[in-house]
Amino acid sequence: MDLTPTGMERDTAAPTLGARIHAIAAELYPICRSLAGPGARATLDVVERQIALKRVETPTGTPAHDWATPLEWRVHDAWIRDPSGRVVVDFSDCNLHVLNYSVAFRGRMTLDALRSHIFTLPEQPDLIPYRTSYYEDQWGFCMRYADVEKLPAEGLYDVCIDAEHVVGAMSHGEHLIRGDTDREFVLTTHICHPSLANDNCSGIAVLTELAKTLAGRDLRWSYRFIFAPATIGALAWLARNPEVVDRIDHGLVVSCLGDAGGPNYKRSRRGDAPIDRAMAHVMTGAASTGTIRDFAPEGYDERQFCSPGYDLPFGLLQRSIHATFPQYHTSADNLDFIRPEYLAASHDTILEAIEIIEADYCPLNLSPMGEPQLGRRGLYGPVGGGAQIFDIDAIRWVLNLADGCHSLLDIAERSGLRFRVVAAAAERLRQARLLT
Amino acid sequence: MDLTPTGMERDTAAPTLGARIHAIAAELYPICRSLAGPGARATLDVVERQIALKRVETPTGTPAHDWATPLEWRVHDAWIRDPSGRVVVDFSDCNLHVLNYSVAFRGRMTLDALRSHIFTLPEQPDLIPYRTSYYEDQWGFCMRYADVEKLPAEGLYDVCIDAEHVVGAMSHGEHLIRGDTDREFVLTTHICHPSLANDNCSGIAVLTELAKTLAGRDLRWSYRFIFAPATIGALAWLARNPEVVDRIDHGLVVSCLGDAGGPNYKRSRRGDAPIDRAMAHVMTGAASTGTIRDFAPEGYDERQFCSPGYDLPFGLLQRSIHATFPQYHTSADNLDFIRPEYLAASHDTILEAIEIIEADYCPLNLSPMGEPQLGRRGLYGPVGGGAQIFDIDAIRWVLNLADGCHSLLDIAERSGLRFRVVAAAAERLRQARLLT
Amino acid sequence: MDLTPTGMERDTAAPTLGARIHAIAAELYPICRSLAGPGARATLDVVERQIALKRVETPTGTPAHDWATPLEWRVHDAWIRDPSGRVVVDFSDCNLHVLNYSVAFRGRMTLDALRSHIFTLPEQPDLIPYRTSYYEDQWGFCMRYADVEKLPAEGLYDVCIDAEHVVGAMSHGEHLIRGDTDREFVLTTHICHPSLANDNCSGIAVLTELAKTLAGRDLRWSYRFIFAPATIGALAWLARNPEVVDRIDHGLVVSCLGDAGGPNYKRSRRGDAPIDRAMAHVMTGAASTGTIRDFAPEGYDERQFCSPGYDLPFGLLQRSIHATFPQYHTSADNLDFIRPEYLAASHDTILEAIEIIEADYCPLNLSPMGEPQLGRRGLYGPVGGGAQIFDIDAIRWVLNLADGCHSLLDIAERSGLRFRVVAAAAERLRQARLLT
């Protein structure tokens, strides 16, 4: 990788990049995804039109540590007709309407009997909730509370969920960018949520575009992008790739990358991994309103990567934190909720962290006894007390801490300077043969 | 000990417990105590009516490190008659009136001469101070400043202190509850103060009742309750019980447990002993207004247990900190100043810390590679996004940190959850065979 | 050194001391100093009239790590005449008027041509700036902006800088006070600034007087005072005294010791050296308004002493921090700007830190099992609850922490007591044979 941090100076609001990411998210949004089935495959098809993908199909029932891969879920149609025959809920209007992974059902019943199968959000009466039932056989619908309130009380409702659970395979995709070494930086996100734009069409789309950004760069680490269903997808990948696990140096889980909040970074279980420190630096940048929080075993697949048997250095990047914004897991998490500028900013946040990790090294001052004479090397202004040509502060910090025990990121943290400024100073000092 | 923390759920304001403790304190209050003599024995008699006591009599002059046990002090009568013959101070009214450990005296003198032997509190003119003179031969009285101001200036006063210092023994008592091991948890308080209710009839009474609470429980540690005179009592015990000292894992000094302030816990010299961490957790509980302070070598017998040659893990529990409340060491520290509800709360504070130390252990996750599947074990709600049956946060924290390096208290501290919640989650996971 | 901290009780505003220091500064002020030449020698002459000096002349061109010692600069005369022949700038008025280390020049030119050789402070129009050009051949004048604005635009100006750069030597001086050991405490300041009173006639004068204060004291360390030009002076000294460098335990750079601000102490690169901890203690003293900041590789010669190849424990003491006060490096940094009381306070600040370092040791409690009996040794008041004769808090802290692992300064830091109080308590305990 080019050590000059030019990549960092990109305008993070560049409409082209954001528009590209939003377009991918828009393509992903309508697909009805679940843990396994045609929705996941259609999702990977979208990604594969952008970047090369290794497609992996893990047969139903394959053990994955304490778990096994699930049956595929295929839903063909689903609706409720009221006693007058009017369709009051239709899966084709919005795939959130069906309880995700619901068993098939056909029958007629009173509204009272039906109610126990309808999930609503009374406090958000105009939104459809997103609910799942992966591990218990249930059937159900998710509806706007306001719509349920309008249903006639008398008469019988005709209910249809034309779905099937079939032996097949769970799908995931991987994209690998080979770097100078086979040590890996893994970026991953879940592909199992149906029509929810921020959680997580945004994450899939950002990682897809990020893979294109990194393509062709000179990289020290190999970058693996994993697009997999939540929990069981991560578990299956971990269980079946022990030799890759041993090569992971950095990892990042992403979700909810398109809204106006945050960004927020949740540290890995280790708390001080390079990804944690790089992200902390990015989050405290002048242009960032980012915040950082400590690891907690809730959230997304960092729960698996950071389980005690693995304890891998995976953090979680989000803009608004899941379950803290009112659109979360509702029909309001739609394509209007995510914006090109925030998607681009998320892309750039991850890229900046990658560039820090790539560019970081422990420099060694070749003239460590006292300060070297900067003036005759053109690194110090000609008039003492006058203006300086270069960032003399950064040059002095690098020289002072370049004792083989401090990396550029250490120097940035201790000096309070931005990494890019420290890296630029180090580069000038290398050119002046004062540093290796 | 039963590891389910049911004991913690007791109503801390239970009148029965508080009333029992207050009744013991009331029985102790009138006794005229000092370092050694009949007052100490009468005090231990009161305790022995509640719990079995090993009574120890250490002969006068027995060496105890840099010290020696003192002569017994016996005071039979003490008064001052004014020039008109009126009794203006009478020991039988209040035993604080005599300088504690005062030498005997009989004589007639002017008020001016008498004044140098009278201790008052000019800023609290209606209170009698508590003063001692253990290490210098003095005679004296403690009086209300207002009363002294009213004494006639002319004429001779008749003064009598009918007291004696005799070779005998210093008394202390011990109560031992044997646990599964002979490693010890020592709880101790001083028994040498005369009619001062908070300092320290409250401490004696609370420990007495606590011993009854622990009786019959299944305990990992053996619990030793030591009732002894301050300073010399602790020193004599330490000097004469080196084999017990080597078995002490936890220790607590108590005093001033009955007033409305605090509670306050002062850390041991080590600062991070298990008793320090358990008490810190109790003090930061939602129901607690407790505060914590660092060790300082002043206060009660923690000065001896935490001296550099011992450095034992003894903290100090109080409600109001000694010498910070106006009733301290005055006649206002009476039975009205201590309240049953605060005495019961103090009992429960200590018990909660004991229960944490007893219940703490380092669990090991038996399914550490990723998260185990909670749903099929009934530990996760059936509808994703719906309500949870159990405290899923606590279950996840325990699983995540159960790597053999974190105890339940570590997990509670890192997660910010209450110990009882963490312990309950661990117990459920043990029942589900996910934890040992 | 006498371990009783009586020296600390000096009145820091003592007019005699402050007046003596100010008088030395006043003698130094008019001299036109630069890196090398007669000004440096005249400066050392002034110091040598107060204390013995080893005068060192390092020949021009002598290598010093990455640098070499400079040519001497001798300036005989310098002026500008306006087209009417009036002298508008004259070196003899103020030596700041000539760009320090300026090359010689003689010529006639327009005001426009002249302007590029004149340095001003437009925002401080009545002040002459101090500027240097050590490493580029330039000629120039420094003038009041207001004066330049008044110069007639038409006609030719006659310009003269009668200066020469000659092969000679760079001068510095050293004063050594031998202590009980050859381990060294180095105090140093720069002597290369011309008529700037605070930066740094104040530093030279304070160190000179401090050397007199320490003379004849019984000291554990040897004290070396180095008066040398900035940067190259420190580098040359370091390069040529490797055997002394190995013996340095403590170091301090001083500058700007006479103004009303601060004091401020900047930590050494190590951050926790004894000088850092002693100065931190002095700065947080009740009488001090001192502040502390972390090391940064800018400032004075601590940049050289704390370079990574040396990493010596040198801090920087100042009152106002350089470059933060408006008089800095201007003609307003004159003898009125520095005051006797602040110069004396700076002297005493350094002396207090020295006395802490000299008096610090790790005491050992000879009666560590419990507390020793203070009463029979006259260290505890005769009436319990009554007044104490000595500082019983300090006595108890010393006894408690005198385990061989805590120095007096450790005890002061942990207890929050002043070092002098802790040291006095330790001395009393030594007299009572309770401490070694």
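Here are some notes on how the chains of this predicted model fit together, with a few local details to look up as you go.

1. **How the chains are related.** Start with the big picture. Two copies of a chain are related by a rotation about an axis and a shift along it. Here, a turn of 120 degrees with a shift of 0.0 Å along the axis lays chain A on chain C, and the RMSD is 0.0 Å. That is what a three-fold axis does, so this is the relation to keep in mind for this pair. If you want a landmark in chain A, go to Asp272(A): its C-alpha is the one nearest the axis, 14 Å from it.

2. **Chain B on chain A.** Now try the next pair. Chain B can be laid on chain A by a turn of 120 degrees and a shift of 0.1 Å along the axis, with an RMSD of 0.1 Å. In chain B the C-alpha nearest the axis belongs to Asp272(B), again 14 Å from it.

3. **Domains of chain A.** Have a look inside one chain. Chain A is split into domain 1 (5-69 + 169-359), domain 2 (72-166) and domain 3 (375-431). Notice that domain 1 is written as two stretches, 5-69 and 169-359, and that domain 2 has the numbers 72-166. Going by C-alpha atoms, the centres of domain 2 and domain 3 of chain A are 64 Å apart.

4. **Where chain A meets chain C.** How many residues of chain A are in contact with chain C? The count is 23 residues of chain A, against 25 residues of chain C. Together the two chains bury about 2100 Å², and carbon and sulfur atoms give 50% of that. Three residues are worth picking out on the chain A side: Met369(A), Glu371(A) and Asn400(A) supply 30% of the area that chain A buries against chain C, more than any other three residues.

5. **Polar links between A and C.** Next, the charged and polar pairs. Between chain A and chain C there are four salt bridges. Asp403(A) and Arg269(C) form a salt bridge, and their closest N and O atoms are 2.9 Å apart. There are also 13 residue pairs in polar contact across this interface, counting pairs with both residues at pLDDT 80 or more. Which helix of chain A gives the most to the side that touches chain C? Look at helix H11 (residues 392-401), which brings five residues. Sorted by type, that side of chain A has eight nonpolar, nine polar and six charged residues.

6. **A bridge between two loops.** Another pair to find is Asp66(C) with Arg376(A), whose side chains meet in a salt bridge at 3.0 Å, N to O. Asp66(C) is in the loop between strand E2 (63-64) and strand E3 (67-68) of chain C, while Arg376(A) is in the loop between helix H10 (340-359) and H11 of chain A, so this pair joins two chains. For the wider tally, the structure holds 99 salt bridges over all chains.

7. **Where chain B meets chain A.** Move on to the B and A contact. Chain B puts in 23 residues and chain A puts in 25 residues. The buried area is about 2100 Å², 50% of it on carbon and sulfur atoms. In chain B, the residues that lose the most area to chain A are Met369(B), Glu371(B) and Asn400(B), together 30% of what that side buries.

8. **Polar links between B and A.** This interface has four salt bridges. Asp403(B) and Arg269(A) make a salt bridge through their side chains, at 2.9 Å from N to O. The polar contacts come to 13 residue pairs, both residues at pLDDT 80 or more. Helix H11 (residues 392-401) of chain B gives the most to the side that touches chain A, with five residues. That side divides into eight nonpolar, nine polar and six charged residues.

9. **Odd backbone spots.** Finally, check the loop between strand E13 (248-254) and strand E14 (264-266) of chain B, where you'll find Pro263(B). A cis peptide bond joins Gly262(B) to Pro263(B), with omega about 0 degrees. Cys256(B) also sits in the loop between E13 and E14 of chain B. Its phi is near 55 degrees, a positive value in a residue other than glycine. In chain C, Gly262(C) and Pro263(C) are joined by a cis peptide bond too, with omega about 0 degrees.

Definitions and conventions:
Residues numbered from 1 in each chain as written. Chains lettered and ligands numbered in written order. Predicted model: local features only at pLDDT ≥ 70, side-chain atom pairs only at ≥ 80, totals over all residues. Heavy atoms only, no water. Contact = heavy atoms within 4.5 Å. Buried area = accessible area lost by both parts, 1.4 Å probe. Polar contact = N/O pair within 3.5 Å; in protein donor to acceptor, adjacent residues only side chain to side chain. Helix = DSSP H or I, 4+ residues; strand = E, 2+ residues; numbered from the N terminus. Nonpolar A, V, L, I, M, F, W, Y, C, P; charged D, E, K, R; others polar. Least-squares fit on C-alpha atoms with pLDDT ≥ 70 in both. Domains from an automatic or database assignment.
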